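Me: Please give a close reading of a single strand in this model, covering its partners and its two faces. I should then like to see how its surroundings are arranged.

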Amino acid sequence: MNKFLIYFSLLFLLLPACSNLDEKVYDQIEADRFYTTDEQITNALARIYAQLRSEANHQGYAGEKGWYDLNEVTTDELMIPARGASWQDGGVWMQLYRHNWTPSHNFLGGTWEWLYQAIIDCNTALEVFNASQSGEQYIAEARVLRSFFYFLLLDGWGNVPVITDRATPLSETSQSTRSEVFAFVEKELRENVPLLGDAKESLYGRFNQAAGYSLLAKLYLNAEVYTGTNRWADALEACNKVEELGYDLHNDYFALFGDECPTDEVILAIPIDPVLAPKMIYEFRTLAYEHGQAYGISSWNGACVHENFLRKYANGDIRKNQWIYGEPVEVNGQVVKNGNGGDLVYQPSIASLENAGTYEGARNLKFSFERAPYNGNSGGNDFPVFRFADVLLMRAECALRLNDELQAVSDLNRVRQRAGLPPFSGTLTPGELLDERARELCWEGWRRQDLIRLGKFGTAHDFMPGSHNHFELFPIAETTLANNPGLTQNKGY
Amino acid sequence: MQTTKNLSFMRNSKEKIRFLVNIRHRGTMLLCLFILTGIVNFLMAQEKNLTGRVTDPQGDPMPGVTISLKGTTSGTITDMNGIYTLHEVPDDALLVFSFIGMQTQEIAVAGRSRIDVTLQPAVIGLEEVVAVGYGSLKKEDVTGSVNRMMSDNFNPGPVTNPLQQLQGRMTGVNISQAGSDPNQAPTIRIRGINSLAGGNDPLVVVDGVQGGPELLQTLSPSDIASFDVLKDASSSAIYGSRGAAGVVIVTTRSGKAGKMQLEVNSISSLETVAGKPDLMNAAQWRHYVDQSGISASDYGADTNWFDEITRNGHIMNNNIAISGGTEQLSYRASLSYISQEGILLESGSDRLTGSLKVQQKNLNDRLQTTLHLNVNTTKADFVATDDYDDINTALVAAYQRRPVEPVVNSDGSFFYDSSIWGYVNPVALLKETRNQGNMDSYFGSIKSEYNLWEDLKLGVFASKRKHNNTYGYYQPGDLFGTNGYTYHGYAQKSQTALHEGLLDLTLNYRKTLKNHRIAFTGVYEWQQSANEGFKAIGRDFISDINDFNNLGNGNIGDVQSGDISSFKDESTLISYLARLNYAYRDKYLLTMNIRHDGSSKLGKSNKWGTFPSASVAWRISQEPFLSNSSTIDDLKLRLGYGETGNQGGLVPYQSLRLLASQGSTLFNGRPVTLYGTSQNENENLKWEVKKMVNIGLDFHLLKNRLMGSFDYYNGHTDNMLYEYAVPVPPFYTNTLWANIGEMTNKGFECSLEYLPVKTENTSWSVGINFSTNENKIKSLNGTLNGNELSTDLVPYGYADGRAVSFLKVGDPVGVFYVYKHAGIDDQGNEILADLNNDGSVTIDNRSPDRYNAGNPQPDFTYGINTSFRHKNFDAMLVFTGSQGNEIYNGTWSRLNRLGEIGILNMAPEAVDNGFKVMSDFSDFWIQDGSFFRLSNLTLGYNIPVRNEAISRLRLSFTANNLFVITGYKGTDPEIQSDGASGFGIDDFNLYPRARSFAFGVNLTIK
């Protein structure tokens, strides 16, 4: 009996040994066991660049319903009308075009979150780089990248929280004023841009000094909108820095939008590959179904432009060829048939925003399938974020504001010349430069910012009845606000 | 004598321990047991002193009956002729005759040398033994809310999942099957929805093996002997960490000593489509299109697309089982094959299940060991879906394709209209897509129980189970509008596996002292569960011939990031638990549990939780003032309170800061796999706790003619696990697993069984069960690490991409929180009511113009069953019903947009309703989902057979779903009701419901 009890007790004494509940992680990596090799440290930087491209909905330049659409569909250069049952999507596209979005517009929350995720990725990377010798060279790059994302927040929302640590408590995430965010971005860029590399080819797809100065130029160019005080001279100086770093216009306009961006003009590109780094959807979204089928893909028959926009182009402007309308569509030398058996022709006129005809609206071929490999999911054209034509037009605008019309016309004419146009004659106005930017940079993501700077964002056009200037800032999304009641909504919403 | 000496060596426990210790030292215990068993068997064949014959009430000899001398361990069993012999039996000895399923008899020898005995079958009912977890109790001793159902009472017919045998039959147990998908198991909810994410699936325990409802799918329905359902927390607390959502204990059938038999069951069933949607036919469509002047293509056909994608289905259900044994060794082996061809084209399943259960007693019956092995292999043809967009699924397409389109072109190829975005030909989709699964699962268990001395038993239970599923998916490149078309052929092959291991060490002690009965159970339990799998995708195939069987046929240049992936996780649960049952004079009963549970999934400092429970019962009928009552046979009042921990739905690793690969990008011109933060970690994750009070009354009245019970319960879930909304920034993603909210469930349950006729030749019974459950979210807000969180109005279910059901504080889970319909304007746009009178209707998820427009959870559910038997004829009817639940009919709303009739088909009534475009979703689409269904009608006849070898030959006919009475406008009112996101919403997601007619033969050979 006693012996039995001893053995029995022993059995139960063994039990605590079987009470280990530590988790063994098999398919993910505990954070403190990563970022130990150079390759892993570099990965933290690659992660941030991937955010810039991020193809998920409501995210980066390669994603739909995110930053790009908020900055394009809200303008006259990109319209997504409903076509019957297609593109209704609860009215989200029409709301953007007409400027009657509300805080519940479902692009807002995700885009905000994407920007802050990218910023937290920057903060995480900086934590890693600061803790490691081999990460030191990346610190300036991560800070400039973070500044880029804050610049977008500053531009889109204005008063936003500035967080610089990976683990910031909720209590320390109150909003800074728009001027404070401006000052933060300015300081970060001034300190870090000079520390960036100056190579072009080997830093393709990354922030080099020229890209940093381009960003600084954008910041100063819009300073009056952000802070109430213009900074034209600073913007002009930043543009000069870019030119000093050896950039010029590429001779062929359409070659800018091919498989890889030429580095003589394109300062910062987002590398896109249909398989390895998707996606490029702008061509999918614009082509009619039959047009896509001619390329062997399912296109979406959505994005187009109103004929009024086409009127901005003079005859002979080669950039007008990025728009297709009015004549039968050909692919590989074959005329494409429409759904009724006739030739597929895009009509530049659009009956209504609520119910446009299937083939109405001119389509854009900037990121054409003809110029880069593609598959059923994505095109392969790289996306230019900053390019020298933009810098020239920014400098022209600054010069004009600083009453140096000679410099302004000279910069403008370099762009016009490449477009096959004669030198500009007459009196140069900011409005003319705005139109030139539209002709040159349409569908590249800058139109909303440019319209706001020129005070024309709320002007009525096409199916847009005109809007109050509170629409120049996006509202903080209903969901974001609900999750963080400490945030103050932008005025007017 | 040698015999006595050998048989009785166990009397002296010291000796026995020494023996055990010795053999343990030698390390050959198992071998010794075998040898010992042999010796014992050999030595038993000795000369006789007392003899006799044991028969059953029919006079047939009963082999395998145990005869023991009371107070000793000596004894014997009857031989094949029912004859027994005993030696050196004292004249004053008391013989105990026992046999499973028969009443035990004690007979005094009184000097006789021959004693013949007729054993009577054990009376069911009050004497029932109920499984209560890690042991069993006499039903009369149960203090919690436990229901039992035995196999002879199951819903008969073409059953493909064991739960169908129980559907509509138990209070508080809601088993629901949305549609008749051969590959969709019914869902089961016990006493409502108690958790948002902690897990609402009850624990399923099959002969000790624990798992979720998926474990049931691996069983052959005909192998099941009984279900015991533990409903209240004081009962389910014994399974603490996994039992918060209730426990279904399944006992499988075992061999019976002395009854060697072969049982064959065969059921063949025809399934027809029970409910069809009301859609425009070609003439109606043309008429409306002409009338409204819409330009639309007319292809001249007259197609009923719903008919084109459906067909008559078949179910074949064959089982064969052999069983038998002696009192020391019994076995049962079975093989079951269930084959189903579903009513949607190309859907079906083939399931083969084999089971073997062997029980053996050794060491003079002190050691009892059960081995159980169950294997199942299922081949599934799933309904073809397309993950591209829901508009591409077969059902959406079948509802929305215009009736004027042909299914196939004149050249035999499938028709499609390329000018319509997202066009899919549903017949082509179903016929051309391969969507298959091969699911293999097994479990094996061993249970050994050793009777250490009189009142103390030690047990070991160990089991291992594995579900290994392989899936293949292929869509050819010419299947317009699908992934296949996008990628010029799209193939996917994936595999997932679940491994689960379990070890229980148990100690059971029972003692009866005059008026006191005590039973104590102590358990140590260790469970480990691992999930793993991999997936690979191939694209761009120049030939479709190999479909998904050779992914290497795809184009290597089209491999995308994420096309190759794998995963694995693992979690561990450890528990210590103790239970005490105490009865005083069989009148006052007490059960107490305490359980200390640890889960690896929880935060470092919160892994362990302690959960107590207690319940008492008073058998009023045992009191002197009722003991002579002629109306009240039994009356028991029960009261219980219990706490259980829950973490079932929690994904592992949520408390850790982790990085994971997140696709690839081009960096420095090279593809780079990215690593990034994969989740917000919460190092404070802890147990969700459910507390429940239960009051119940059980009664048997009128000489056991009227039986029933009433239960009231009030449950409260605290520290509710959910993926709460958190702000970005500072959080990386916008949700975080945390313990914040509270939820309550209150309900009343009533079950009654009445036997109006009960004679030898004729019996008739009527049973009614009725259950209510009132669910309410008490709170979703709270503080997390000092930060106020405001999770409320969480979108929970969508129709056509728009949120219609919500989690809202103060309302039940999934409440429909939508706009109020206020008419239709001239343009055919819906007018919504401005409920807050601010001059406009705000369109967003938190709009003040939304209101609580309905509850997807029923006010009550009920079942009515009646069975009638006269001599060899029997009949059974089972009605099931649900009352007061609303359904959001998103399907119907999409068939009511006349603006789209040029490209899509509509419901005929759309013309009267007048919607052209949906402005937003309103209460117009909320419909009453109450129903009353004749779910089962069975007629049976037992053919009297003279042949002695055949003990039973039965023919039966079953009709399922003969009619359903409902006001609901969809094809069937029984839709997803499991409480998971999107429940109660009909959005083209309902596999059609079948009406089936089955013919069955049951043959038992001795």
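Reply:
**Strand β1 of chain B and its surroundings**

B:Val54 has B:Val117, in β7(B), as its bridge partner. This bridge belongs to a parallel pairing between β1(B) and strand β7 (residues 117-118) of chain B, made over two bridges; pairing requires DSSP to find at least two bridges between the strands. Helices (H or I, at least four residues) and strands (E, at least two) are DSSP runs numbered from the N terminus. The model is predicted: local features need pLDDT of at least 70, side-chain atom pairs count only at pLDDT 80 or more, and totals for chains, interfaces and linings use all residues. Residues are numbered from 1 along each chain as written, while chains are lettered from A and ligands numbered from 1 in the order written.

β1(B) also pairs with strand β4 (residues 83-86) of chain B, in the antiparallel sense and through four bridges. There, B:Arg53 is set opposite B:Ile83 of β4(B). The faces of strand β1 (residues 50-55) of chain B can be told apart: B:Leu50, B:Gly52 and B:Val54 form the covered face, whereas B:Thr51, B:Arg53 and B:Thr55 form the uncovered one. Thus B:Val54, the partner of B:Val117, is on the covered face, and B:Arg53 is on the uncovered face.

The surrounding chain B contains 14 helices and 52 strands. Its C-alpha atoms occupy a box of roughly 105 × 70 × 65 Å along the principal axes. Of its 1006 residues, 47% are buried (20 or more other C-beta atoms within 10 Å of the residue's own; exposed means 12 or fewer, partly exposed in between, with C-beta atoms placed from the backbone). Among contacts between residues at least 6 apart in sequence, 70% connect residues at least 24 apart; a contact requires C-beta atoms, placed from the backbone, to lie within 7 Å.

Elsewhere in chain B, an open sheet with mixed pairing comprises five strands in the order β10-β15-β16-β13-β14. At its edges are β10 (146-150) and β14 (209-211) of chain B, each paired on one side only. The antiparallel link from β10(B) to strand β15 (residues 224-230) of chain B consists of five bridges, and B:Arg148 is matched with B:Asp228 in β15(B).

B:Pro992 is found in the loop between β51 (985-986) and β52 (994-1005) of chain B. This residue counts as buried because it has 25 C-beta neighbours inside 10 Å. Apart from neighbours within four places in sequence, the contacts of B:Pro992 include B:Gly179, B:Val273, B:Thr310, B:Leu344 and B:Thr971. B:Lys758, by comparison, is 234 residues from B:Pro992 in sequence and 41 Å from it in space, C-alpha to C-alpha.

Chain B also meets chain A, in a contact that takes 66 residues from chain A and 65 residues from chain B. Among the elements of chain A that each supply at least two residues to this side are α1 (2-14), β1 (29-30) and α5 (108-130). Strand pairing crosses between the chains as well: β1(A) and strand β30 (residues 658-667) of chain B run antiparallel and are joined by two bridges. In that pairing, A:Ile29 has B:Leu659 of β30(B) as its bridge partner.

Chain A has a mean pLDDT of 93, with 96% of its residues at 70 or more; pLDDT is the predictor's confidence in each residue, from 0 to 100. Among its elements, the lowest mean pLDDT is that of α1(A), at 56, and the highest is that of helix α8 (residues 209-221), at 98. Where pLDDT is low, predicted coordinates should not be read in detail.

Definitions and conventions
Contact = placed C-beta atoms within 7 Å.
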